[in-house]
Amino acid sequence: MASNEQSELGPNNAANNRNPEQALIEAVSVRSTSMVILASIATIYFINWAQAVLLPLMVAVLISYALDPLVSALDRLRLPRALSAAVVMITLLGAIAATSIPLQREAMAMLDKIPVAINEFQRNEAKAPDQEQGLMEKAQVAAKKIEESAAKGQSDKHPAHEGVTPVRIVDKPMDIQQYVLKGSPAALVLISQFFSVLLLVYFILAVGSLYKRKIVKLSGPSFGRMRKAARIMVDFHRQVRRFLFVMLLGALFVGLVTWIAFLALGVEQAMLWGVVAGIASAIPYLGPFLVLVGTGIAAFLQFGEMDMTIIVAGTSLAITSVQGYLLTPWLTSQISSLNAVAIFIGLLFWGWLWGPIGLIIATPILMIIKSLCDHIVNLRPVGELLGK
């Protein structure tokens, strides 16, 4: 009898009295997973909170990577590094200012034609037969009838008292000056961040490889760890440069093809739209959509016909689609080992955190994270998830 009870209770005791080492391992695993989750949430909160500092820093680092070959070329001429960085920065700003003058003229010409196009459109609408405007007129008459019936119902429920002056609420017209004053703090922040980026780019270019050497030196006393850190830094440098080269090729393709196509279609300010389309192509998804809407509105104001509006907007969409779905993905696949799902999730995440600028820098950040994970043993599973 006792032996039977022991045999029945034996498995339960074995299940309840597990190996203490196994229980300790499971507890440590749960605790470490919880710490990783909490640390990730804290990191995301910190990145969002420190956006005003981290965002200009990241943009400055990317720009310095793009301009570093020019400064290095001047270094070969025995110029001081600080002077070389100053020459490159001044030349770049001068080129941007010189090219912006004709673009500014085209932009002002386009803005001057907007009121004329709107007046012309209104005159054409007024001259059109009544049957062609039946839908809009009927909608306006129906809306007016609804407002009159609602006002009549309110007056029946609440009759006016004798001797009481009725009050009429009049909407205050928009005050442009007040609107500008309200938007001035945001403009000041944008201007300050712009100059912060310029100064950071200059200082990063001026110091050269100083911080790279410091990171390699701080990686550890052993030669193997220092050599590994040097390989990681070189990999970072190569990946970011290649990505910036791909962005430059995509922007040039979109800008030139848009300019030529709009010239062939007779669109005014074709060069301006080519530059805008090329710059906007650097912002995934959002940039091409804004160019599509802008070119459609401009074509409608210029031609006043839906056929030409659809043709111009469709041409812009076709050009950006070739760049976004064929050229850039093919070039990106040649220079990186990121998979499409990881890139799309990264775009969503960094766009949510930092807006349009986050969409631009999302891919190089993912490249850096992937390279770092590939060189660190404990982070290789994350690198495997990001890779192809």
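## Notebook: nonpolar patch, salt bridges and helix pairs

**Entry 1. Nonpolar patch.** I began with the nonpolar patch, to which helix H12 gives the most, with four residues. The model is predicted: I accept local features at pLDDT of at least 70 and side-chain atom pairs at pLDDT 80 or more, while totals for chains, interfaces and linings use all residues. Residues are numbered from 1 along each chain as its sequence is written, and side-chain values use heavy atoms, without hydrogens and water.

I list the members of the patch as Tyr285, Val322, Tyr325, Leu326, Val341, Phe344, Ile345 and Leu348. Together they make a nonpolar surface patch of about 860 Å². For such patches, residues must have over 30% relative accessible area and no salt bridge; like charges are joined within 9 Å and nonpolar side chains (Val, Leu, Ile, Met, Phe, Trp, Tyr) within 5 Å. Areas follow the Shrake-Rupley method with a 1.4 Å probe, and for residues only the protein chains shown count as cover.

I then asked which helices each supply at least two residues of the patch. They are H11, spanning 306–335, and H12, spanning 340–375. Helices here are DSSP runs (H or I, at least four residues; strands are E, at least two), numbered from the N terminus.

**Entry 2. Tyrosine 285.** I located patch member Tyr285 in the loop between helix H9 (270–280) and helix H10 (286–303). Its relative accessible area is 49%, so I record tyrosine 285 as partly exposed. The cut-offs are under 20% relative accessible area for buried and over 50% for exposed, with partly exposed in between (1.4 Å probe, protein chains only).

I next examined the two helices that flank this loop. The axes of H9 and H10 cross at roughly 160° and come within 8 Å. Axes are lines fitted to C-alpha atoms, for helices over the stretch in contact, with angles from 0 to 180 degrees between N-to-C directions. I therefore enter H9 and H10 as roughly antiparallel to each other. Angles over 145 degrees earn that word; under 35 is roughly parallel, 65 to 115 roughly perpendicular, and the rest oblique.

**Entry 3. Glycine 351.** I returned to helix H12, where glycine 351 is found. Glycine 351 counts as partly exposed because its relative accessibility is 22%. I also looked up its separation from isoleucine 361, ten residues apart along the chain: the C-alpha atoms are 9.2 Å from each other.

**Entry 4. Salt bridges.** How many salt bridges does the rule give? I record a count of five, taking as a salt bridge a side-chain nitrogen of Lys or Arg within 4 Å of a carboxyl oxygen of Asp or Glu.

Arginine 81 and aspartate 68 form one of them, at 2.8 Å from N to O. Arginine 81 belongs to helix H4 (residues 81–127) and aspartate 68 to helix H3 (residues 51–75), so this pair ties together parts 13 residues apart in sequence. I note that arginine 81 and aspartate 68 are both buried. Arginine 81 also has a salt bridge with aspartate 75, where the closest N and O atoms are 2.5 Å apart. Aspartate 75 is partly exposed, at 25% relative accessibility. I traced the network of salt bridges further and found that it links Asp68, Asp75, Arg81 and Arg241.

Another salt bridge joins the side chains of arginine 238 and aspartate 235, at 2.9 Å from N to O. The two residues are three apart in helix H8 (residues 223–265), so about one helical turn separates them. Is aspartate 235 buried or exposed? I find aspartate 235 buried, with a relative accessible area of 10%, whereas arginine 238 is partly exposed, at 38%.

**Entry 5. Positive phi.** Most residues other than glycine have a negative phi. I therefore looked for exceptions to that general rule.

Arginine 78 has a positive phi of about 65° and is found in the loop between H3 and H4. With 76% relative accessibility, arginine 78 counts as exposed.

Glutamine 269 has a positive phi near 55°, and I place this residue in the loop between H8 and H9. Glutamine 269 counts as buried, at 14% relative accessibility. The axes of H8 and H9 come within 7 Å and cross at roughly 155°, so I enter H8 and H9 as roughly antiparallel.

**Entry 6. Whole chain.** I closed with the totals. The chain has 13 helices and zero strands. Of its 388 residues, 27% are buried.
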